[in-house]
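Reader: I'd love a close look at one part of this model. Could you take me through the parallel sheet and its surroundings, and then step outward from there?

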Amino acid sequence: MSEWWTYALSDFLLFSPRTYYRLFELYNAAVWPAQIAMLALGAIMVALLLRPAVWRGRLIAVILAAGWLWAAWFFLLQHYTTINWVADYFAHGFVLQALLLIWTGVILDDLRFRARSDVAGATGLGLMAFALVVHPLIGPLLLGRPWAQAELFGMAPDPTVIATLGVLAAAERPHWHLLLLPVTWCLIGGATLWTMESPDWPILPAAAVIALAAAVWKSLARSAAKPLP
Amino acid sequence: MPRVFTRRSLLRSVAATGALTLWPRELVAQRAPILTRPIPSSGEAIPLIGLGTWITFNVGNDPVARDSCAEVMRAFFAAGGRMIDSSPMYGSSQDVVGYGWKKLGQPERLFAAEKVWISSAARGPAQMEHSRRLWGVPKFDLMQVHNLLSWEAHLKTLFAMKQEGRLRYVGITTSEGRRHRDFEQVMRKEPLDFIQVTYNVLDREVEDRILPLARDRRMAVIINRPFREGELTKRLARHRLPDWAAEIGCTSWAQVLLKFIVGHPAVTCTIPATTRVDHVKENVAASYGQMPDSAIRARIVAHVEKL
């Protein structure tokens, strides 16, 4: 693309806010009652974070990967792509993230959590609770959008990404390779909402900053804890 | 779709256009045919106001929104409009135009303006054929190279298609003032029927070189982004419509902005986009009545720049 500096973010927005939110309404109707199953899986994920259990890292990784795959196939490829041809590329990213979660969490069993929660753990739990409970309510309760347009964990990209950032913030050690795609989505999603003048645009960038801060904090703490040679 | 153009229809169109400037506004509003300008390369008359589809027609599979777009098209055709412009870049817009055109019984007055937008020249014909199937038209009236992307290769294909009768007109597009130097060079080199550029009361760069060149080269000019994607109408809505707007038959800021554009003698038509039936009616109404002369156009610029 020549003269790229002459393009504004709004030049890349192909649809109106009305069309974008209406898409969630049609999508929610099309996949009903899958929302109930996904919310139940989200609740199980929070419960697993709160109490130590065998296989908890693996189970959490599987649940998150299922959410990313579901959002890729049912939302991005079957709905979002009808108004945004870039959604095909987004879907590839979502599938890659699901594979990375399976690889890290299930095959390597490297998604571990501290027995006792610390600041990062509490932050992660907070992000998860936000993704599962608060985020779906913001549109209907604060912004006047219909309930049918609510964005839910495991169904829609934004809450799925925020919940993933919560899990990664709560993890025992930073997983930079798992943070890359969620943080990228936060930038893309935040820019989309900002361009549409949606008042909730800061949520995604803020979630990314919180998750990155938690990862940096854990990195520094681990460096400080290493014995000197 | 493609309408056979005759000398008689041209004379009728020109006579109607000339007579309108003399008729009382009320009479014009009620009786007059829609104002048109001829495409220089053929003389075919095109109404001054067309219909754009950027953002507004990209509604995906939403059945309510698709029907709403079809109603916009119905009102557009009923008011005398002809040219609808889209692009493969515009998401589902092409499909939605095709849905509306079919739903309305495929009105013959449609002037289908499309774009080819792909960097691979070899894949250009396949993209155009895909677009044609989405519209459901036998052939496009106008095919434009979108934003000059791979223009040299695509223009070869388009001129060959025109030669074979698979296309009626060939053009190029740009928007928001991008690549004007390259654009000018293509205009000087190629026998284009149409160009499409951005022009509105605040973005007037094309007045200096592009529009005079189009006139010299006898090219039709389509104007995109007449409202700066709604920014201008939103901004002006806070201000009272000046009294002189009535002198050119305008009852809204949108009409003032559109008449400013089509009042330029080098402009053939403009393609405002909308999702609303009342807005499309209001827009097409700018194709009727008195057109602003250069003095009134200068007054419009001065007034809007002050606000």
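Author: Happily; what follows starts with the sheet, moves to a helix and a loop residue, and ends with the aromatic rings.

Please keep in mind that this is a predicted model. Chain B has 307 residues, of which 57% are buried. Its secondary structure comes to 12 helices and 10 strands. Of the contacts in chain B with a separation of 6 or more, 76% are between residues 24 or more positions apart.

Let's begin with the sheet as a whole. In chain B, 8 strands line up in the order 3-4-5-6-7-8-9-10, forming an open sheet with parallel pairing. At its edges are strand 3 (51-52) and strand 10 (269-270) of chain B, each of which pairs on one side only.

Now zoom in on strand 6 of chain B, which covers residues 140-145. How many of its residues are buried? The count is 6 of the 6, so strand 6 of chain B is largely enclosed by the rest of the structure. On one hand, strand 6 of chain B pairs with strand 5 (residues 111-116) of chain B, in the parallel sense and over 4 bridges. Within that pairing, B:Lys115 has B:Gln144 of strand 6 of chain B as its bridge partner. To get from strand 5 of chain B to strand 6 of chain B, the chain passes through helix 5 (residues 124-135) of chain B, and this β-α-β crossover is right-handed.

Strand 6 of chain B also pairs with strand 7 (residues 167-173) of chain B, in the parallel sense over 5 bridges. Here B:Val145 stands opposite B:Ile172 of strand 7 of chain B. The helix in this unit is helix 6 (residues 151-163) of chain B, and together with strands 6 and 7 of chain B it makes a right-handed β-α-β unit. From strand 7 of chain B, the sheet carries on to strand 8 (residues 194-198) of chain B, a parallel neighbour joined by 3 bridges. One of the matched positions is B:Gly171, whose bridge partner in strand 8 of chain B is B:Phe194.

Next comes a helix that packs against parts of this sheet. Helix 10 (residues 253-262) of chain B has 10 of its 10 residues buried, so it is largely enclosed by the rest of the structure. The buried residues of helix 10 of chain B include B:Trp253, B:Leu257, B:Phe260 and B:Ile261, and also B:Gln255 and B:Lys259. What do they pack against? Among the elements are strand 9 (220-224) and strand 10 of chain B, along with strand 1 (36-38) of chain B. Helix 9 (231-236), helix 11 (277-284) and helix 12 (294-306) of chain B are packing partners as well.

Back along the chain, B:Ser92 is worth a stop. B:Ser92 sits in the loop between strand 4 (83-85) and helix 4 (93-103) of chain B. With a relative accessible area of 8%, B:Ser92 is buried. Leaving aside residues up to four places away in sequence, B:Ser92 touches B:Phe57, B:Asn58, B:Val59 and B:Gly60, and also A:Thr82. A polar atom of the B:Ser92 side chain lies 3.4 Å from the backbone oxygen of A:Thr82.

That contact leads us over to chain A and to the aromatic rings. Over all chains, a search of the whole structure finds 21 aromatic pairs. One of these joins A:Tyr20 and A:Phe24, edge-to-face, with 5.2 Å centre to centre and 85° between the planes. The two residues are 4 apart in helix 1 (residues 17-31) of chain A, so about one helical turn separates A:Tyr20 from A:Phe24. A:Tyr20 is buried at a relative accessible area of 6%, and A:Phe24 is buried at 1%.

Another pair is A:Trp68 with A:Phe94: the ring centres are 4.5 Å apart and the planes meet at 45°, so this pair is tilted. It links distant parts of the chain, since A:Trp68 belongs to helix 3 (residues 56-77) of chain A and A:Phe94 to helix 4 (residues 87-107) of chain A, 26 residues apart. A:Trp68 is buried, at 1% relative accessibility, as is A:Phe94, at 3%. Ring pairs connect these residues into a cluster that includes A:Tyr20, A:Phe24, A:Trp68 and A:Phe94, as well as A:Tyr21 and A:Trp185.

Finally, two arginines lie over ring faces. A:Arg145 lies over the face of A:Tyr21, 3.7 Å from the ring centre. In chain B, B:Arg66 lies over the face of B:Tyr99, at 4.9 Å from the ring centre.

Methods
Residues are numbered from 1 along each chain as its sequence is written. Chains are lettered from A and ligands numbered from 1 in the order in which they are written. This is a predicted model: local features need pLDDT of at least 70, side-chain atom pairs count only at pLDDT 80 or more; totals for chains, interfaces and linings use all residues. Side-chain values use heavy atoms; hydrogens and water are left out. Rings of Phe, Tyr and Trp (its six-membered ring) pair if their centres lie within 6.5 Å; planes under 30 degrees apart count as stacked, over 60 as edge-to-face and the rest as tilted. Buried means under 20% relative accessible area, exposed over 50%, partly exposed in between (1.4 Å probe, protein chains only). A charge sits over a ring if NZ of Lys or CZ of Arg is within 6 Å of the ring centre and within 35 degrees of the ring normal. Two strands pair if DSSP finds at least two bridges between them. A crossover is right-handed if, with the strands pointing away from the viewer, the path from the first strand over the helix to the second runs clockwise. A polar contact is a pair of N or O atoms within 3.5 Å; within protein, one must be able to donate a hydrogen and the other to accept it, and residues adjacent in sequence count only if both atoms are side-chain atoms. Contact means heavy atoms within 4.5 Å.
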